[in-house]
Every structure is written in structure tokens, then in C-alpha cells.
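Biologist: Could you walk me through a few surface and aromatic features once the structure is up?
Modeller: Gladly, here it is.
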Amino acid sequence: LVMVVISAAAALVGPFIIGKIIDIYIMKKQFDGILTPILWLVGVYIILSVTLFLQSYWMIGIAQQTIYRMRTSLFNHMLKLPISFFDKRQHGELMSRATNDIETVSATLNSAFIQVFSSILTLVGTLVVMLILSPLLTLITMLIIPIMFWAMRWITRRTGKLFKEQQAA
């Protein structure tokens with residue numbers, strides 16, 4: 001989780017530094033001292049790369065340990081079940097259910113958990129940076145979101161009926 005926080009922060013700082021380089025140096029065609037922010041930018045992206053690697057590496061390790069424990073527990077539990085339990089069910093059904101469910105948990109642990117947490121941090125961080133840069137533009141942007149939501153809802157309701165009719169035809 002610490003790596004996710006650091007990577008989300010680095011992902012936000014990188015574009016901020018690029019914006020400052022453009023505003024301060026490139027737009028004014030003043031290139032004296034541009035090396036320092038470029039080195040900061042390189043450092044930020046190195047930190048971003050390392051933290052992304054570490055969060056993936058560690059999360060995969062955690063997920064694999066968790067899946068191993070789940071499979072071991074499931075196997076030990078199945079050994080304790082009466083034979084009549086297995087007689088009433090197909091062998092393939094039990095194997096398929098156990099394998100698919102555990103693989104779903106594995107996929108969730110490997111990617112979805114990190115992505116959700118990272119997305120929430122990035123959204124909050126983006127809002128904070130937007131507020132720092134321009135509170136007025138942030139307010140305008142936030143006012144547009146509910147309008148877009150209601151417009152999409154209106155369109156979806158209308159096209160949903162037509163789509164059902166098309167599917168029926």
C-alpha cells in the first residue's frame with residue numbers, strides 16, 4: 001500500500017513538473033537552469049517505475065501465498081468430507097468450481113485490489129492538484145460531471161428500450 005501511495009504521488013508530480021518546465025522555460029525560451037527540473041523529472045519517473053515494480057512484485061507474492069493457503073485448506077477440508085458427498089456430485093463439477101473460484105480470488109488479489117486503491121488515490125490527488133492550480137476551473141469541471149451523468153442516464157434509458165426491441169427482432 002505504501003508503494004501504491006508513492007506511485008500515485010509520483011504519477012501526479014511528473015506531469016506537474018512537465019507543466020512547470022513548459023511554462024517557465026520553454027514558453028519563455030529561457031533555457032538557463034532547465035537541467036535541474038529535468039533531473040527532478042527523471043528522478044520522479046525512476047521512483048514511479050521502481051514503486052510500480054515493487055507493488056506488483058509484492059502483491060503477486062502475497063496473492064500466491066494466499067492462494068496456496070486457500071488451496072491447502074480446501075484440500076484438507078475435502079479430505080474430511082464423507083464419500084457420500086462425492087458420490088452425489090460430479091468430479092468435474094467440484095474440480096471446476098474449486099479451480100475457478102480460487103483463480104478468481106487470485107486475479108482479484110493480483111490486479112483489481114491495487115488498481116482500485118491506486119485509482120482512488122489518483123482521483124483524489126488529481127482533484128487536489130486541480131484545486132491548487134485553478135480552483136475556478138476545478139469548480140467548472142466538477143459542475144460538468146453531474147450534467148454528463150444525467151445526460152448519459154437519459155440516453156441510456158432511451159436507447160435501452162430500442163436495443164431490447166432490436167435484440168427481440
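Modeller: Let me begin with Lys-161, bearing in mind that this is a predicted model: the residue has a relative accessibility of 60%, so it counts as exposed, the cut-off being over 50%.
Biologist: Which helix does Lys-161 lie in?
Modeller: Lys-161 belongs to helix α5, which covers residues 135-168.
Biologist: And which residues form the positive surface patch?
Modeller: The patch is formed by Lys-161 together with three arginines, namely Arg-153, Arg-157 and Arg-158.
Biologist: Switching to rings, how many aromatic pairs are there?
Modeller: The count comes to three aromatic pairs. One of them is Phe-53 with Tyr-57, whose ring centres are 5.8 Å apart and whose planes meet at 20°, so this pair is classed as stacked, for which the planes must be under 30 degrees apart.
Biologist: Where do Phe-53 and Tyr-57 sit along the chain?
Modeller: Both are in helix α2 (residues 35-80), and because they are four residues apart there, about one helical turn separates them.
Biologist: Buried or exposed, those two?
Modeller: Phe-53 is exposed, having a relative accessible area of 55%, and Tyr-57 is exposed as well, with a value of 52%.
Biologist: What about Phe-149 and Trp-150, how are their rings arranged?
Modeller: The ring centres of Phe-149 and Trp-150 are 5.3 Å apart with the planes at 75°, so that pair is edge-to-face, a class that calls for planes over 60 degrees apart.
Biologist: How accessible is Phe-149?
Modeller: Phe-149 has a relative accessibility of 49%, and therefore counts as partly exposed, since exposed would require over 50%.

Notes:
Residues are numbered from 1 along each chain as its sequence is written. This is a predicted model: local features need pLDDT of at least 70, side-chain atom pairs count only at pLDDT 80 or more; totals for chains, interfaces and linings use all residues. Side-chain values use heavy atoms; hydrogens and water are left out. Patches are made of residues with over 30% relative accessible area and no salt bridge: like charges are joined within 9 Å, nonpolar side chains (Val, Leu, Ile, Met, Phe, Trp, Tyr) within 5 Å. Accessible areas come from the Shrake-Rupley method with a 1.4 Å probe; for residues, only the protein chains shown count as cover. A salt bridge is a side-chain nitrogen of Lys or Arg within 4 Å of a carboxyl oxygen of Asp or Glu. Lys and Arg count as positive and Asp and Glu as negative; His and the chain ends are not counted. The place of a charge is taken as NZ of Lys, CZ of Arg, CG of Asp or CD of Glu. Helices (H or I, at least four residues) and strands (E, at least two) are DSSP runs, numbered from the N terminus. Buried means under 20% relative accessible area, exposed over 50%, partly exposed in between (1.4 Å probe, protein chains only). Rings of Phe, Tyr and Trp (its six-membered ring) pair if their centres lie within 6.5 Å; planes under 30 degrees apart count as stacked, over 60 as edge-to-face and the rest as tilted.
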